[in-house]
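Here is a friendly walk through one model, from its aromatic rings to its sheet. Keep the structure open beside the text and follow along.

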Amino acid sequence: MNERLEGAEKLQNWILQHPAYQQMEALQVKDSAQVHAAFLVFMDLTEVRQWKEVSCVKSPELGAVLLEAKEKDGAPVQTVLPLPAHRSLSHKNVRLVLERGFPVLLCAVASDSTLVYQRMTDGLVTPDPPVGQFQDVGRRQHRKRRQQH
């Protein structure tokens, strides 16, 4: 029984033993939840998405670990801001990340380790136009169709 508990404890502590996590800890960011979120995003980028040259840097202004990586060889460097889902982000903080000069991805990390990436831009970006044939259905026709059902 005691061996099983020790095995479970070692399994839980593998994150603490990982070199990338230890490197993030060495940056001395006070928010341990953000460091944990950064590690989960690091693992997703390196192991699942196969991004290249993933590294971590400290942002003293944000008190956070940022990741810098390339989506593929020859691609530009992107900054990834891992953020626990419960943590808020001010406009000033967004500006600080955008001013780094690299394209920015915000990654919200849920308590169940779900990751949601959102590209951030400096200003508004219009959406791409629809692809293929489409028919514009006027507002009136939509209302009529709704009333028929």
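## Aromatic cluster and sheet

Trp14, Tyr21 and Phe39 come together in one aromatic cluster. Please keep in mind that the model is predicted. Two aromatic pairs are counted in the structure. In one of them, tyrosine 21 and phenylalanine 39 meet edge-to-face, with 5.7 Å centre to centre and 90 degrees between the planes. This pair links distant parts of the chain: tyrosine 21 belongs to helix α3 (residues 19-26) and phenylalanine 39 to helix α4 (residues 32-48), 18 residues apart.

How covered are the two rings' residues? Tyrosine 21 counts as buried because its relative accessibility of 9% falls under the 20% cut-off. Phenylalanine 39 is buried as well, with a relative accessible area of 0%.

**The sheet as a whole**

Let us turn to the strands. Five of them build an open sheet with mixed pairing, in the order β1-β2-β3-β4-β5. At its edges are β1 (52-59) and β5 (115-120), each of which pairs on one side only. On average, and with direction ignored, neighbouring strands of this sheet are turned by 25 degrees against each other.

The table below goes through the strand pairs in sheet order.

| Strand pair | Sense | Bridges |
|---|---|---|
| β1 and β2 | antiparallel | six bridges |
| β2 and β3 | antiparallel | four bridges |
| β3 and β4 | parallel | six bridges |
| β4 and β5 | antiparallel | six bridges |

**From β1 to β3**

We can now follow the pairs one by one. Where β1 runs antiparallel to β2, lysine 52 stands opposite lysine 70 in β2. The hairpin of β1 and β2 has four residues between the strands, and glycine 63 there takes a positive phi near 65 degrees.

Strand β2 (residues 64-70) pairs with β3 in the antiparallel sense. Here glutamate 68 has threonine 79 of β3 as its bridge partner, while alanine 69 stands opposite glutamine 78 in β3. β2 and β3 form a hairpin too, with six residues between them, and glycine 74 in the turn has a positive phi of about 85 degrees.

How many residues of β2 are buried? Seven of its seven residues are, which leaves β2 mostly covered. In a regular strand the side chains alternate between the two faces of the sheet. Both faces of β2 are covered: Ala64, Leu66, Glu68 and Lys70 are buried on one side, and Val65, Leu67 and Ala69 are buried on the other. Note that Glu68 and Lys70 appear in that buried list. Strand β3 (residues 77-84) is mostly covered as well, with seven of its eight residues buried.

**From β3 to β5, by way of α5**

Next comes the parallel part of the sheet, where six bridges join β3 to β4. Leucine 81 stands opposite leucine 106 in β4. Together, β3, helix α5 (residues 91-98) and β4 make a right-handed β-α-β unit.

Which residues of α5 are buried? They are Asn93, Val97 and Leu98. Seen down the axis of α5, these buried residues fall within an arc of 135 degrees, so they line one face of the helix. His91 and Lys92, on the other side of α5, are exposed.

Beyond this unit, strand β4 (residues 104-109) pairs with β5 in the antiparallel sense. Alanine 108 has valine 116 in β5 as its bridge partner.

**A look at the cysteines**

How many disulfides does the whole structure hold? The search finds zero. Two cysteines can still be placed by their cover: cysteine 56 is buried, with a relative accessible area of 12%, and cysteine 107 counts as buried at 0% relative accessibility.

**Pulling it together**

To retrace the route, begin at the aromatic cluster of Trp14, Tyr21 and Phe39, then move to the open five-stranded sheet with its mixed pairing. In that sheet, look for the covered strands β2 and β3, and end at the right-handed unit of β3, α5 and β4.

How values were computed: Residues numbered from 1 in each chain as written. Predicted model: local features only at pLDDT ≥ 70, side-chain atom pairs only at ≥ 80, totals over all residues. Heavy atoms only, no water. Phe/Tyr/Trp six-rings, centres within 6.5 Å; stacked < 30°, edge-to-face > 60°. Helix = DSSP H or I, 4+ residues; strand = E, 2+ residues; numbered from the N terminus. Buried < 20%, exposed > 50% of the residue type's maximum accessible area, 1.4 Å probe, protein only. Disulfide = S-S within 2.5 Å. Pairing = 2+ DSSP bridges. Axes fitted to C-alpha atoms, helices over the stretch in contact; angles between N-to-C directions. Right-handed = clockwise from strand over helix to strand, strands pointing away. Arc of directions from axis to C-beta.
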